[in-house]
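Me: I would like to learn how to read this structure. Where should we begin?

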Amino acid sequence: MTLQTVSSLNSSVHDARQDVVRFVNVRKTYLMGSEEVHALAGVSLSFRRGSFWALMGPSGSGKSTMLNILGCLDRPTSGQYFLESRDVSSLSDDALSDFRLRHFGFIFQSFNLIPQLTVRENIELPLYYLGWEAARSAARAEELAERVGLTGRLHHRPNQLSGGQQQRVAVARALANDPVMLLADEPTGNLDSVTGEQIMQLLSELNRQGKIILMVTHEPDIAAHARQRLYLRDGLVDRMEGEH
Amino acid sequence: MRQLRMARNIALGIKNLLLHKLRSVLTMLGVVFGVGSVVAMLSVGEGASKEALERIRLLGSNNIIISSMKPVEEETGSGGRMLRMSVYGLLYEDETRIRETFPAVSSTVPVKLLRKEGRLYDQTMELRMVATTADWFDLVQRPLIAGRKLTARDVKDRANVVVLTEHGARRLLATQSSIGQVFKLGPDYFEVVGIVKNESGPAGGVQTPDQEVDAYVPLTLARERFGDISIRRTTGSQESERVELHQMIVQLKSTDDVERVASGIEAMLKRFHKKVDYKMSIPLALLREAEATKRRFNIVLGSIAGISLLVGGIGIMNIMLASVTERTREIGIRRAIGAKRRQIVGQFLIETVVLSTVGGLIGVCIGVSIPWLITYFAKMPTVVRLYSLVLSVGISMGVGIVFGLYPAIRAANLDPIVALRHE
């Protein structure tokens with residue numbers, strides 16, 4: 001029954017092995033006082049390798065909840081979430097932390113760099129928790145900095161950088177663990193349009209290199225960079241655009 | 001590898017603490033003063049009790065000391081020129097009796113004290129004559145400076161020989177060649193055969209008969225020459241006493257027998273003496289009492305210092321809670337990236353332990369210098385013991401863990417989603 005729902009959502013030439021992420025009737029219910037609020041009211045969908053989704057919808061439509069569940073920061077109230085065909089919907093806190101560490105990279109609207117650490121240390125943060133040796137992670141940080149166009153800024157502190165540069169650091173940090181999927185929450189929200197455009201170019205390039213990207217945004221201009229668009233309304237999938 | 005990681009974690013903790021130098025220093029102060037006061041108080045307490053304990057130990061823990069004591073008299077000398085003679089104290093036969101009754105006794109040393117004037121040419125000085133046997137020098141350790149001590153033969157031969165203490169020898173014999181010098185002591189001439197060290201340290205609670213300028217002579221000789229009667233002249237009256245022995249030291253073969261033999265001797269003396277004209281002191285009992293006092297003292301001091309450490313710990317907890325709130329966002333970022341709860345706990349715990357350990361080490365430095373200052377300025381003895389340093393640094397680390405745990409757990413239990421949204 002659920003499997004049918006999934007396949008009906010996808011194109012007829014659906015190949016299940018291409019699905020990295022699969023939601024099966026995922027619900028998230030909050031209690032606001034005595035009232036139940038359905039942030040997600042039964043969402044079923046799947047993301048394939050190489051997709052670039054823009055997640056859109058009015059506020060309160062469940063975008064953030066979906067992002068949190070996708071990123072293993074939160075667990076669904078009911079339903080299943082398969083990540084690379086493993087059910088992660090009821091894992092322990094430690095196991096979820098481990099999934100985040102190995103499979104995801106987060107990019108936030110407000111960059112969320114740790115101010116007392118240098119650029120290099122910020123990029124190295126996931127590697128630190130992965131237990132990499134200092135020399136190896138330093139080399140990796142340099143390589144990533146170069147890739148996002150931050151060569152020579154490794155010893156700066158975040159507050160010595162412009163917004164665009166800070167977001168590049170965040171992207172480098174999100175890439176450090178070589179994640180399957182990048183989760184971006186309004187990555188250009190705090191940037192002017194030119195820098196925002198540059199960040200979007202960077203994300204598009206990363207997508208071309210094979211990363212799945214899921215990006216929450218309000219702005220149609222930004223959403224236009226994505227290959228697929230997913231519209232949420234009242235906790236349900238409203239419509240989907242683009243080849244998927 | 002694991003050690004390297006730990007080193008990195010500690011380095012990170014230190015880095016975070018250095019970010020707020022003033023705050024870290026102020027947070028540390030509580031522990032600094034807590035530990036400082038623990039170390040200082042314990043060392044003052046140790047110093048105070050060490051002196052008493054050493055003095056008692058010097059008397060020998062398997063000795064019983066019986067001293068003659070003038071009993072409280074019913075009739076008081078009512079004016080006029082009264083000639084009275086008080087007879088009291090230990091008897092020569094008490095010594096024999098004790099030695100022969102108790103098999104646990106290894107030796108007894110009788111002591112007779114007399115005041116005599118020493119004279120060498122025109123030099124005079126009042127000496128306390130300690131008439132005793134050769135065993136005295138075995139019981140009371142006195143390092144020999146020159147010559148020899150009294151021997152059993154001196155006692156047997158009633159030889160006119162004297163052993164002087166250092167002070168007396170220096171003042172009386174100053175320019176003369178000391179050993180072999182003959183000087184007048186009372187009505188008689190004595191040959192100096194040896195010089196011993198004075199007892200070290202100032203006068204304490206338990207009296208030993210050689211704190212002043214003492215002249216040790218064979219008991220047999222003193223008994224023959226000076227008898228048992230001493231006359232003291234005071235204005236208007238003349239008092240004479242007849243005391244056979246002023247003190248007797250009973251040495252036992254083992255410490256275990258002390259209490260049993262002491263009560264035996266007491267019962268015996270009670271039978272043969274009409275009045276209580278003696279006093280027994282048992283160094284072992286005094287030692288135990290002093291040790292108990294020291295323990296109580298240490299507990300009181302320790303509790304006071306412990307309270308100050310507690311206050312220090314609460315200070316740390318308070319600041320760490322503030323720090324957790326301030327760094328909520330950082331915690332959220334770390335959790336989102338994939339840090340596990342226990343890694344967050346570890347991060348914050350390391351910071352508190354670093355704070356409290358560094359505070360503890362500074363406190364030890366202060367705690368060691370305060371006793372030094374006390375000794376230097378107040379001339380009070382202090383003893384800094386290693387155990388108090390180890391103890392207080394250990395306790396301060398414990399304080400760091402105990403009071404750091406709650407803030408750290410609170411940090412780790414933050415919902416990463418909420419923490420990320422925190423402004």
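Reply: Start with contact: two residues are in contact if their C-beta atoms, placed from the backbone, lie within 7 Å. The model is predicted: local features need pLDDT of at least 70 and side-chain atom pairs 80 or more, while totals for chains, interfaces and linings use all residues. Residues are numbered from 1 along each chain as its sequence is written, with chains lettered from A and ligands numbered from 1 in the order in which they are written.

Me: How many residues does each chain give to the contact?
Reply: Chain A gives 16 residues and chain B gives 14 residues.

Me: Which elements of chain A give two or more residues to the side that touches chain B?
Reply: Helices (H or I, at least four residues) and strands (E, at least two) are DSSP runs, numbered from the N terminus. Here the elements are α3 (93-103) and α4 (119-130) of chain A. The largest share, 6 residues, is from α3(A).

Me: What is the order of the strands in the open sheet?
Reply: Two strands pair if DSSP finds at least two bridges between them. In chain A, 6 strands form an open sheet with mixed pairing, in the order β6-β7-β8-β3-β9-β10. Its edge strands, β6 (104-107) and β10 (236-241) of chain A, each pair on one side only. Strand β9 (residues 228-233) of chain A is antiparallel to β10(A), with 5 bridges. Across that pair, Leu230(A) is opposite Met240(A) in β10(A).

Me: Which helix packs on the sheet?
Reply: Helix α6 (residues 163-175) of chain A does, touching β6 and β7 (181-185) of chain A. Axes are lines fitted to C-alpha atoms, for helices over the stretch in contact, and angles run from 0 to 180 degrees between N-to-C directions. The direction of α6(A) makes about 170° with that of β6(A).
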